[in-house]
Amino acid sequence: FAKMASPSDATLKSSHVEKKKKPPVRYWQESPKDATNENTAEKDDPKSDPIQTLPKKQNKKRAEKAKKRKQDEEQPDEKTFLSGKVDPFPGPAPVPEDRVKKFRRKDKIKKPSRKHYKLNQIMNRSEEASEMAQTQAARFDLLLPEEAGFLEGDEGEDTCMISQEDIAEAVDITSGAKHFNLKLSQFGPYRLDYSKTGRHLLLGGKRGHVACIDWQSKQLMCEINVMETVNDVKWLHSEAMYAVAQKKWLYIYDSKGIELHCIRKFNDVLRMQFLPYHFLLATASATSFLQYLDVSVGKEVAAICTKTGRLDVMCQNPHNAIIHLGHHNGTVTLWSPNQKEALVKMLCHQGAVRSVAVDKAGIYMVTSGMDKKLKVYDIRAFKPLKSYFIPAGASCLSLSQRGLLSAATGDVVQVYKDVWNTPVTKPYMAHRVRGTVWGLQFCQFEDVLGVGHGDGFTSMLVPGAGEPNFDALDANPYRSVKQRQEWEVKALLEKIQPEFISLNPIELGQVDRATFQQRHQDRVQALGYDPLEKEKFIPKYKKKGRSSAGGVERRKKKVAHEDQRDKMKLEMERKQKEKKAAVLSSQKTALDRFKK
């Protein structure tokens with residue numbers, strides 16, 4: 001019989017299913033280094049092992065160290081994932097230096113000496129938090145969804161010749177709806193103010209008409225007639241309240257048109273500015289008074305008589321909350337609630353100043369005057385940069401978040417681009433309205449310019465005017481009522497006191513280091529004598545235990561203030577003499593009745 005082949009006899013070939021395919025080697029992975037034959041031979045050879053040749057105690061210690069080293073090697077590294085693969089790009093992604101510089105708010109402060117270790121710790125923590133905020137802001141800047149864009153014409157076409165109707169037709173429906181006209185010829189001319197979020201519009205007619213509008217949805221919030229001349233209108237910290245400067249006094253209304261307050265201390269107000277981070281309403285009156293009202297507590301913070309006549313030109317510096325006032329003698333003065341005198345006086349024009357505007361970074365100031373000139377100043381150095389001649393002169397000025405300048409001459413509104421870096425020869429945009437322009441303001445976070453004139457209100461489309469990305473924690477145009485209430489509470493808790501308003505707000509973050517002379521004077525005043533007048537008494541060292549710490553201190557006390565003792569004795573004697581003289585003078589005699 002033929003013997004059948006059993007399965008054990010045949011050598012089975014390994015199947016391809018059992019094989020595990022190796023993952024492809026990436027460019028960042030190092031090629032594995034195979035161990036050499038010499039290393040394997042050394043490992044196998046017991047004689048080559050140094051642990052075997054040492055004594056028992058040393059051998060035991062070496063074995064423990066080797067075991068510990070092996071455990072450390074087996075533990076996965078921080079950069080290694082659970083799967084065993086290594087992160088090819090370890091650590092956080094690098095942030096470009098130019099982006100970090102964009103969000104830098106201050107330079108590093110020179111730290112005090114080592115003895116102020118607590119102050120050093122506080123300053124270190126503050127700098128670490130500031131650096132972390134800078135890097136986070138620079139990192140998130142890459143994720144911002146919107147980009148700013150300007151109007152560009154065809155070859156040989158000027159952008160100032162493009163009409164508002166053409167722009168409204170070319171853009172999308174939502175943006176096109178932002179260009180509209182309100183015909184209000186009965187109660188004009190109109191002044192206007194956009195809220196901090198850019199969502200709500202406040203209109204005030206010269207003949208008493210006041211209206212609040214959610215201008216994007218075209219919903220009317222309230223409309224009243226105060227039956228009195230309205231000089232100016234201004235939103236307060238939120239769209240729930242606004243101030244109206246009427247003929248006699250200052251009035252506060254809510255968004256439903258209900259009168260909340262009549263403040264009679266603020267009379268004949270012509271212009272108003274609201275400082276959002278200080279909760280201060282600054283008013284300029286016809287009686288030459290600049291007054292500050294704290295709207296959070298309803299108290300007058302400061303009332304300053306400027307002694308410069310009627311104040312009808314006013315603006316604020318958003319960077320440091322300084323108020324700029326323009327006067328009839330061609331000067332512009334800078335004011336703070338902490339001083340009764342002007343911080344700075346600048347002669348800007350040969351005639352009266354008609355309008356003033358300051359950019360949001362607090363670097364440039366633009367002024368227009370009766371001498372038909374438009375001037376650009378660097379506020380940091382208080383020097384003029386550019387000067388332009390406008391044939392009709394500019395009656396109203398406004399600066400956008402992106403640095404566009406709007407100037408109104410009669411019934412024509414012109415928008416200029418980059419006026420402080422390059423000389424401007426022609427406007428970026430131009431538009432003619434139906435009446436004389438009375439008020440101009442760019443809307444926050446929108447490419448919109450609001451124009452108040454004699455025939456009502458016009459909303460212009462100005463591409464590239466607004467900041468495309470908003471900070472939702474500071475000014476959120478889409479916030480709900482609940483979010484607004486929470487923001488209001490937070491803003492009140494973080495309110496900046498008016499004492500901190502100064503020309504250079506960066507100084508608040510610096511350490512005020514008193515000089516040695518100042519500290520020495522304070523010490524002399526506190527002690528009543530100069531401790532550094534004479535050399536300190538150093539007791540002689542005595543032997544046999546007589547120079548103990550207590551004995552040395554007793555000898556120091558005996559000698560201390562010897563020069564002061566004579567002065568104190570003379571002072572005591574003088575006081576005793578004065579006391580005796582007072583007692584003698586109090587005793588009356590019979591002859592005292594003849595004294596006059």
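**Close-up 1. Lys-218 sits in the loop between β4 (209-214) and β5 (219-225).** Like the other views here, this one comes from a predicted model. Take a look at the backbone: phi of Lys-218 is near 60°, a positive value in a residue other than glycine. Most residues other than glycine have a negative phi, and most peptide bonds are trans. With a relative accessibility of 40%, Lys-218 counts as partly exposed.

**Close-up 2. Ala-321 also has a positive phi, near 60°.** This residue belongs to the loop between β14 (313-316) and β15 (323-326). Is Ala-321 buried or exposed? Ala-321 is buried, at a relative accessible area of 5%.

**Close-up 3. A cis peptide bond leads from Gly-188 to Pro-189.** Its omega is near -5°. You will find Pro-189 in the loop between β1 (180-183) and β2.

**Close-up 4. Strands β10 and β11 make a hairpin with four residues between them.** The two strands run antiparallel, and six bridges join β10 to β11 (residues 280-285). To trace one pairing by eye, start at Leu-275, whose bridge partner in β11 is Leu-280. In the turn, Phe-279 has a positive phi of about 55°. Strand β10 (residues 269-275) is mostly covered, as seven of its seven residues are buried.

**Close-up 5. Tyr-277 joins a nonpolar patch on the surface.** Its companions in the patch are Ile-496, Phe-500 and Leu-508, and together the four residues have about 380 Å² of accessible area. Tyr-277 comes from the loop between β10 and β11. At 42% relative accessibility, Tyr-277 is partly exposed.

**Close-up 6. Asp-474 and Lys-196 form a salt bridge.** Their closest N and O atoms are 3.0 Å apart. Asp-474 lies in the loop between β28 (456-461) and α8 (481-493), and Lys-196 in the loop between β2 (190-194) and β3 (200-205), so this pair ties together parts that are 278 residues apart in sequence. Asp-474 is partly exposed, with a relative accessibility of 25%, and Lys-196 is partly exposed at 26%.

**Close-up 7. Asp-294 and Lys-495 meet in a salt bridge through their side chains.** The N to O distance is 3.0 Å. What does the pair tie together? Asp-294 is part of strand β12 (residues 289-294) and Lys-495 of the loop between α8 and α9, so the salt bridge links parts that are 201 residues apart in sequence. Both residues are buried.

**Close-up 8. Glu-571 and Arg-574 share a salt bridge in helix α11 (residues 562-586).** The distance from N to O is 2.4 Å. The two residues are three apart in the helix, so about one helical turn separates them. Glu-571 is partly exposed, with a relative accessible area of 33%, and Arg-574 is partly exposed at 39%. Salt bridges with shared partners bring Glu-578 into one network with Glu-571 and Arg-574. For the wider setting, the structure holds 15 salt bridges.

**Close-up 9. Lysines and arginines gather in a patch of positive charge on the surface.** Its members are Lys-540, Lys-542, Lys-544, Arg-546, Arg-554 and Lys-558. Arg-546 is a handy starting point, placed in the loop between α9 (516-527) and α10 (549-559). Its relative accessible area is 54%, so Arg-546 counts as exposed.

Technical notes. Residues numbered from 1 in each chain as written. Predicted model: local features only at pLDDT ≥ 70, side-chain atom pairs only at ≥ 80, totals over all residues. Heavy atoms only, no water. Patch = residues over 30% accessible without salt bridge, like charges linked within 9 Å, V, L, I, M, F, W, Y side chains within 5 Å. Areas by Shrake-Rupley, 256 points an atom, 1.4 Å probe, with all protein chains shown as cover. Lys, Arg positive; Asp, Glu negative; His and termini not counted. Charge placed at Lys NZ, Arg CZ, Asp CG, Glu CD. Buried < 20%, exposed > 50% of the residue type's maximum accessible area, 1.4 Å probe, protein only. Pairing = 2+ DSSP bridges.
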